[in-house]
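Please walk through this structure step by step, with the sequence and the coordinates open side by side. The route goes from individual residues to the ligand, then to a pocket and some backbone features.

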Amino acid sequence: MALKVMAVFGTRPEAIKLAPVIDELRQRDGVECRVVVTAQHREMIDQALNIFEIRPDADLNIMRPDQTLDDVVCRALAGIAPVFETMEPDVVLVQGDTTSALAMALAASHRGITVGHVEAGLRTHDKAHPFPEELNRQMIGRLADLHFAPTEIARDNLLAEGIASDRVFLTGNTVVDTLLRLSTEIREPVDDTLRRIDFDKQRVILVTAHRRENFGAPLEHIATAVRQIAEEHADVEIVLPVHPNPRVSAVMRAALANVERVHLVKPLNYSDLIWVLARCYFAMTDSGGIQEEAPTFKKPVLVMREKTERPEGIEAGVAKIVGTTVYRLVGAASDLLNNEGVYASMRARKNPYGDGHAAARIADILLETLSDTARKL
Ligand code: UD1
């Protein structure tokens, strides 16, 4: 009997990182791979599904404007119940640390279905940073049966928490698989603003911010810093894709709508985002994904957070944690812009996040561990 795998996700980053796993599973004999989206995000997930040509088998369509974390959990749990009944998966795959991933791991655990966690073991050990992602990933760590750790540090975090070593697998991060596939077919950007910027003459900084712990004053500081950096450097253009969350977009638009050389653009589709990352001078971000993507393109990253669960980039020297005060943000950006030595020292030598074969390893492990006899751990 074929192994029934259900990949479930709700936001764009999960789609990006599960796409190669879904692709790989669909090419294997003895596997039936179904895709379910919670659609915690509507536009952003649809964009990603289009790029990766994934057609979901079920769509819970849970997103509401200004949803709370409780809303996401409640609607996802209620929505998935009938889907489990009809599809009867042997294993449910979740990715990362979103509230959708937590809700789906919980629902599967309630039914005794094996849970596989892709990108397991990232930790800051601080529940407030990033919030609620650190909580989510720790809780998923308790619920999961198979833990696919992207790096040695992540694997060691899981082992230190007492998870049995035969349930923890070092696979690399699937985002590298995705980037390598996409970069062979880099298309011209669809975004008009990106097409107008002269990437040869100007130095471009990519800025993204959307984390909950940065809502309020930190986001305002980030906006002020962006304005100052643009004003102080005539050869700099800033590309800032504005996250659709109203608590982010209102602040960015109020502070930056008419600042020269600051381009507030709609959330970029993933291939446009990668296009900018490959051509920018450096990135300033609170996103976890961009911290992992930048080393593939040897781009320095200033991390606009207090802590990161991705210390590998810091150790490799490609990323620096700069917090969210105006003084530190402007200082760190100016250092990179004005000092070639600092800039050169931040270009990573080796990609610490993977080799592009993570999805194949995950598929192998699923087939080996969940063969007919091993099923239902
Ligand atoms: C979520 C994840 C975060 C991930 C991010 C990627 C949680 C707790 N957080 O954060 O880890 O990095 O997604 O983007 O799961 N919205 C739209 N259209 C969209 C997407 C969002 O209108 O396509 C708006 C909605 O008003 C929604 C709000 O954004 O209510 C916030 O979305 P939500 O999923 O609650 O949190 P994110 O900050 O996006």
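Is Asn214 buried or exposed? In this predicted model, Asn214 has a relative accessible area of 3%, and because buried means under 20%, Asn214 counts as buried. The residue is found in the loop that runs between strand S8 (203–208) and helix H9 (217–232). Once its neighbours within four places in sequence are left aside, Asn214 is in contact with Leu219, Ile222, Asp286, Met304, Arg305 and Thr324. Among these partners, Asp286 also makes a polar contact of 3.1 Å with Asn214, side chain to side chain.

The residue that follows in this account is Ser287, whose place is in the loop between strand S11 (282–285) and helix H12 (288–293). Ser287 has a relative accessibility of 10% and therefore counts as buried. A polar atom of the Ser287 side chain lies 3.0 Å from the backbone nitrogen of Ile290. Leaving aside neighbours within four places in sequence, the contacts of Ser287 are Thr208, His210, Arg211 and Arg305; Arg305 also appears in the list of contacts of Asn214. Met304, another contact of Asn214, is 17 residues from Ser287 in sequence, and the two C-alpha atoms are 8.5 Å apart in space.

The ligand can be taken next. It is surrounded by 25 residues, of which Gln40, His41, Glu43, Glu133 and Arg212 are the closest. Several individual distances to oxygen atoms of the ligand can be given: a polar side-chain atom of His41 lies 2.7 Å from one such atom, and a polar side-chain atom of His243 lies 3.1 Å from an oxygen atom of the ligand. For Arg42, by contrast, the atom concerned is a backbone N or O, which lies 3.4 Å from an oxygen atom of the ligand.

Ala39 offers a backbone feature to inspect, since phi of this residue is near 55°, a positive value in a residue other than glycine. Ala39 is found in the loop between strand S2 (31–37) and helix H2 (43–51), and with a relative accessible area of 0% it is buried.

A further positive phi, near 60°, occurs at His125, which is likewise a residue other than glycine. His125 lies in the loop between S5 and H5, and, with a relative accessible area of 55%, His125 is exposed. That loop, between strand S5 (114–118) and helix H5 (133–143), also holds Pro130, and Pro132 lies in it as well. Both prolines take part in cis peptide bonds: one joins His129 and Pro130, with omega about -10°, and another joins Phe131 and Pro132, with omega about 0°.

The last stop is the second largest pocket, which has a volume of about 310 Å³. Of the 14 residues that line this pocket, Ala19, Asp23, Ile51, Phe52 and Arg181 are the closest to its centre. The elements that give two or more residues to the lining are helix H1 (12–27) and helix H7 (174–183), and the largest share, 5 residues, comes from H1. By residue class, the lining of the second largest pocket divides into 7 nonpolar, 1 polar and 6 charged residues.

Terms used:
Residues numbered from 1 in each chain as written. Predicted model: local features only at pLDDT ≥ 70, side-chain atom pairs only at ≥ 80, totals over all residues. Heavy atoms only, no water. 1 Å grid on protein atoms, 1.4 Å probe; cavity = no way out; pocket = protein on both sides within 12 Å on 5 of 7 lines; lining within 4 Å. Points joined across faces, edges and corners; volume = space filled by probe spheres on them. Helix = DSSP H or I, 4+ residues; strand = E, 2+ residues; numbered from the N terminus. Nonpolar A, V, L, I, M, F, W, Y, C, P; charged D, E, K, R; others polar. Buried < 20%, exposed > 50% of the residue type's maximum accessible area, 1.4 Å probe, protein only. Polar contact = N/O pair within 3.5 Å; in protein donor to acceptor, adjacent residues only side chain to side chain. Contact = heavy atoms within 4.5 Å. Near = heavy atom within 4 Å.
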